[in-house]
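Hi,

Here is the structure I said I would pass on. Have a look at it first, and then read my notes underneath.

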Number of protein chains: 4
Amino acid sequence: MEAIKVGLVGITGYAGMELARLLAVHPSMQLVMACSRAESGKRLGEYYPFLEKLPGCDVIISQFTPEEAQAKCDLVFLAVPAGKAMKMAPKLLQAGVKVVDFSADFRLLDQGVYEEWYGMPHEAQELLSQAVYGLPELYAEKIAQAKLIANPGCYPTSVILGLTAACQHDLISPKNILVDSKSGTTGAGRKPNLPTLFSEVADNFRAYGLVRHRHTPEIEQEISKLLATPVTLQFTPHLVPMNRGILSTIYADLKDPAMTLEKVWDCYNETWKASPWVRVLPLGKLPETRFVRGTMFCDIGLAVDKRTKRLIIVSVIDNLCRGAAGQAVANANLISGRPLDEGLSHTAPLV
Amino acid sequence: MEAIKVGLVGITGYAGMELARLLAVHPSMQLVMACSRAESGKRLGEYYPFLEKLPGCDVIISQFTPEEAQAKCDLVFLAVPAGKAMKMAPKLLQAGVKVVDFSADFRLLDQGVYEEWYGMPHEAQELLSQAVYGLPELYAEKIAQAKLIANPGCYPTSVILGLTAACQHDLISPKNILVDSKSGTTGAGRKPNLPTLFSEVADNFRAYGLVRHRHTPEIEQEISKLLATPVTLQFTPHLVPMNRGILSTIYADLKDPAMTLEKVWDCYNETWKASPWVRVLPLGKLPETRFVRGTMFCDIGLAVDKRTKRLIIVSVIDNLCRGAAGQAVANANLISGRPLDEGLSHTAPLV
Amino acid sequence: MEAIKVGLVGITGYAGMELARLLAVHPSMQLVMACSRAESGKRLGEYYPFLEKLPGCDVIISQFTPEEAQAKCDLVFLAVPAGKAMKMAPKLLQAGVKVVDFSADFRLLDQGVYEEWYGMPHEAQELLSQAVYGLPELYAEKIAQAKLIANPGCYPTSVILGLTAACQHDLISPKNILVDSKSGTTGAGRKPNLPTLFSEVADNFRAYGLVRHRHTPEIEQEISKLLATPVTLQFTPHLVPMNRGILSTIYADLKDPAMTLEKVWDCYNETWKASPWVRVLPLGKLPETRFVRGTMFCDIGLAVDKRTKRLIIVSVIDNLCRGAAGQAVANANLISGRPLDEGLSHTAPLV
Amino acid sequence: MEAIKVGLVGITGYAGMELARLLAVHPSMQLVMACSRAESGKRLGEYYPFLEKLPGCDVIISQFTPEEAQAKCDLVFLAVPAGKAMKMAPKLLQAGVKVVDFSADFRLLDQGVYEEWYGMPHEAQELLSQAVYGLPELYAEKIAQAKLIANPGCYPTSVILGLTAACQHDLISPKNILVDSKSGTTGAGRKPNLPTLFSEVADNFRAYGLVRHRHTPEIEQEISKLLATPVTLQFTPHLVPMNRGILSTIYADLKDPAMTLEKVWDCYNETWKASPWVRVLPLGKLPETRFVRGTMFCDIGLAVDKRTKRLIIVSVIDNLCRGAAGQAVANANLISGRPLDEGLSHTAPLV
């Protein structure tokens, strides 16, 4: 079998770094193009010493051109900021190259919502209808047919997977859903910046982006679909002094005030029993971010508060693997006719 | 002026450690008794090397007896677990020694609530009515008259201070108050324990105590008083890989859906302008735990979500200083006729 | 091909935890026995939630007996403390089961040295001559023939690999070798213990075991062999507030005071060019522990001080993978006729 | 008594931040000028929220001019990089303002050594002879007479204090002194920079500046004076994933191979018994950086290796307080006729 030739635009960020290490051990994908304006001309192994003596280390970093992509790649991963991807994707698709886009540019079905939350006009609205939201648990079949994947955001992945079973089993009210999320610092990007210096983050905790974080409409869009009704919810992110991991504490009013934890747990198990990656923890257990570090797992813990009639869902993922690069590989697998979990059944250090 | 002679029972925990360092520089208090069963017989400076060459380092650690306390102390700090304090406090009070108790034993006015949440009978119910809840911002006058202070819990301190202005200005509904709190690991105690080993905590994040954390009724009691109506609320704590600090993200429904952030901010400033320790941050700023590290400050940031009609309050304190030992010193100051902030106007490393 | 059936005695420590995650993805080894006195009776996936939905999660933890090992296993990994392994290994070998021992019990050729540094009599001295020191870069051929492997210590692995090229090329004097090592906290074990609590380790740094750390004679034994002369050296370990990784800063007097860094670097490259796991960094680059996290790599940086005529070697490994469980798998591969790096060519999160 | 009016040039770095918090509680110094090009025009409390409700918070940040300093200040702290201080100090001194300089510009007596290690010409060589090296334990009397203090470097402070007693008691050989130091990340400065981002530092350890760190000649100068002979030594710094603290592991050959640890310990105690800040730990105890956090203490632990005839000294300080801002305050106290430890007898969080 011939290798799938892939390119990666935006290698210097944490998502790009994670993708580089995943591709180095992928049995059927081969990294043939790695792009970065700032690091152009270096060997990839020179820029990322951890890649030396691994496949891909000899790729020379280049500046992105659609021509190089067309000449070399079957598929390109775009690990670039929102606003840039919508300029690159059309050219790649025209050149016959499939695209898995890490940015938000193709995640929101409603162009107006995009423009309101991202504060810029959408320049490739013609692609919005053909892009598929790349959450394999919900859209595997459509992904396999697509040419352009909108890889989900990290927070939304944790929240949507956490709520899917509750929505599908009609356990919760669409009102009053509240999501309090906590993320490791790789989620804040790799650009040198005072607030993300070690000494500004270590032994510290803070909230950010209150009432206006851009992942809010993405979560609302998908939960609205799952509940088949428009949902407005509260979303608050926080910065944890750790490298990786997202934990979302999700609060929702139970439709049936007499609902028990055991019944909720049965519903979750029914939804996720056969899933390779979503693990519903035993009753009474709560997830920890380290147990999913570097992997595709989403671990879910549940509680029911009889006093407040609320369901509390604690959902954890690795923000860089499941929440970005790993999910992108899963989507690339499907889009390329490969098994969903190819190259993704690794483990990673728990401590 | 003669020094106030104080004793400390329970020196080996983090609250006791913090109190030892605060007393070492207190201008009018002198540590004359330090008790620990396990470390009895050692010099305090031998047990805590950081105390060497500081006042108090030559105290010999002893096993607690009411007789030693009576002979030596004007006031005793009890930094012992719930259940133990209620055995010690009566004897100390009978011996004419004032008590500042760090445990929950005298915080809850309703004995039944105590027994339900703490799972043991109360053995000193006669003292419940004379104990004063030691939150100086709310009860300074009563504290000054008391002989037994129930020093507030760390989470409750952050939540009550965060909500006081909103309650007093009648901004929020008593229904649907939701508190999502995050604490550093000193809050989990200093007893050797697998889940609090460095390698189990570092680069990790988790929730704990869902729907049954014992600080819930304490918060509800005080918010009910402030709102003058019984309040049932949601409280969820999390463990942050950092030493110190609590951040509580507090969500409440606005009574007036047209309420603006500016008006809320004015109310908060009115309440706290003259306070030495509660700081309302400028509009648009959010607090960080490091900025209150090792101090008595409570920093508060505010947001109003027009989409969900919610007020979001972010409140941070240092769990060991403001949330335990420092607050105990403030209470001891008041109870001893000293200025509230004596020995507490220090700063601490921000990074 | 039939799977190699392996057992693991001592699953609850960090080395056992690391081995469990490596075996879960090893293509030809199957975990069939997992032993722990304390956790006996539990499913492995119940004890280690990170193993759920992975191979091995359904193994029931048992108490170690040679009989179970004989019935089920081709090979047993002993992840037990020094002193225990020498009681178990003889019985396993008699039962025809190969042994890879993580402890120091079979590492020192000289029984007297063992008894001096470990403070107990050796109870299986008859096995000392047949045990092979499991450092594949030095002893691959002997390992492949052995039935009992003494898996090297974590610090010694970093130091011996760091010094091998300098010794083989006769660059350094045997006198005055000084090793200043720094290790993450997983090296201190997983037993609940005050000094390894998160809050005692975080934002803190300390030395330990000065002039008497037990890895000293192990390092001296192997460097003496490499230099073909008895070597006494200085070894000082330190505890770093991080989970994983060892960095050893190694100082040695250059034999030739005119030796240049370029020549040293050429020697190192000559020794390690073909090695799959030892990476000599480009001139002027220094290694970081994160770049080898969770892997078998040993990264080496070099400096020559013209003022002091010293060679400085900075060598980093992952203490749990390369320094314990991963090296054990490599040894088990060789001993079982499998390729050295089978199941070990994974990557792990860099951040 | 009138307050001593002080200015601070360079408030945005970690040393400036530390000085701001120390001055906020200093009983006789008053911050009247705070300079920063980038933050000019802001209230100090706006820039540093931790200063709100503390003395100094209302100072308006200005751009440095000698005129403002002359008009307002008795003394100015220069927390600016090497190269800038030598341009500012002459003007301040001419204006009759005393100077405590944090940079290296006036630390090295030999202009040639400065120019070799710092790579730039010295522009104020006429001041070199009148500047006093501000280590109070060695030079208190000269400091009290000076107008220009060269505040010592952080690493040198830990090393010189660690070696003083050994030098004064003639215990060690001047040859073969080797210093392996480890520092928290605040030592790397507060400028946004990829290598000091949280995710590049956390769970990571690395060496830097091998054989060419600029603190080398500063250490050599002072140890040469103490040993009354020219000393060339090895100095290697490392970066620890923690905010604060330096630990220096210092290796030196014992002059008398029969020297015992007990005798060495007696010498150290003789030297430091009366010192307010240098603490020699009990035999067998080793220091930890957290026990000196935020303070002026230098804790020293000792070991003698009978096998290698070496003395090993482990010395810890807080790099920002003792190693920069606190030491500057101590120097400013002396230069202003105040008690050495005024405003410096605080404690700080141990955890």
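**Where chains A and D meet**

On the A–D side, 16 residues of chain A are in contact with 16 residues of chain D. Helix α8 of chain A, residues 198–201, gives the most to chain A's side of this contact, with 3 residues. Sorted by class, that side of chain A has 8 nonpolar, 6 polar and 2 charged residues. Before you go further, please keep in mind that this is a predicted model.

**Where chains A and B meet**

The contact between these two takes 36 residues from chain B and 37 residues from chain A. Several strands of chain B each supply at least two residues to the side that touches chain A: β7 (178–183), β8 (206–207), β9 (234–239), β10 (246–253), β12 (298–305) and β13 (310–317). By class, the residues on chain B's side divide into 16 nonpolar, 11 polar and 9 charged.

How do the two copies relate to each other? A turn of 180° and a shift of 0.0 Å along the axis lay chain B on chain A with an RMSD of 0.0 Å. That is the relation of a two-fold axis. The same surface serves both copies, as 100% of the contact residues of chain B recur in chain A.

**Strand β12 in chain A**

This one is worth finding on your screen. Strand β12 of chain A covers residues 298–305, and 8 of its 8 residues are buried, so the strand is largely enclosed by the rest of the structure. Both of its faces are covered. On one side C298(A), I300(A), L302(A) and V304(A) are buried, and on the other side so are D299(A), G301(A), A303(A) and D305(A).

Which strands does β12(A) pair with? One is β11 of chain A (residues 278–280), which runs parallel to β12(A) and is joined to it by 3 bridges. In that pairing, V278(A) stands opposite C298(A). Another is β13 of chain A (residues 310–317), which runs antiparallel to β12(A), with 7 bridges joining the two. Here V304(A) stands opposite L311(A). β12(A) and β13(A) form a hairpin with 4 residues between them. In the turn, K309(A) has a positive phi of about 60°.

**Helix α7 in chain B**

Over in chain B, helix α7 runs through residues 154–168. Its 15 residues reach 22 Å from the first C-alpha to the last, close to the 21 Å expected at 1.5 Å a residue. Still, α7(B) has a kink of about 30°, centred on G162(B). Is the helix buried or exposed? Of the 15 residues of α7(B), 14 are buried, so the helix is largely enclosed by the rest of the structure. After the helix comes D170(B), with a positive phi near 55°.

**The sheet in chain D**

Last stop: chain D has an open sheet of 6 strands with parallel pairing, in the order β2-β1-β3-β4-β6-β5. The edge strands are β2 (29–35) and β5 (132–133) of chain D, each of which pairs on one side only. At the β5 end, 2 bridges join β5(D) to β6 of chain D (residues 148–150), and the two strands run parallel. Y133(D) has A150(D) in β6(D) as its bridge partner.

Cheers

Technical notes: Residues are numbered from 1 along each chain as its sequence is written. Chains are lettered from A and ligands numbered from 1 in the order in which they are written. This is a predicted model: local features need pLDDT of at least 70, side-chain atom pairs count only at pLDDT 80 or more; totals for chains, interfaces and linings use all residues. The expected span of a helix is 1.5 Å times one less than its number of residues. The bend at a residue is the angle between axes fitted to the seven residues ending there and the seven starting there. A residue is buried if 20 or more other C-beta atoms lie within 10 Å of its own, exposed if 12 or fewer, and partly exposed in between; C-beta atoms are placed from the backbone. Two residues are in contact if their C-beta atoms, placed from the backbone, lie within 7 Å. Ala, Val, Leu, Ile, Met, Phe, Trp, Tyr, Cys and Pro count as nonpolar, Asp, Glu, Lys and Arg as charged, and the others, Gly among them, as polar. Two strands pair if DSSP finds at least two bridges between them. Copies are superposed by least squares on the C-alpha atoms of residues with pLDDT of at least 70 in both.
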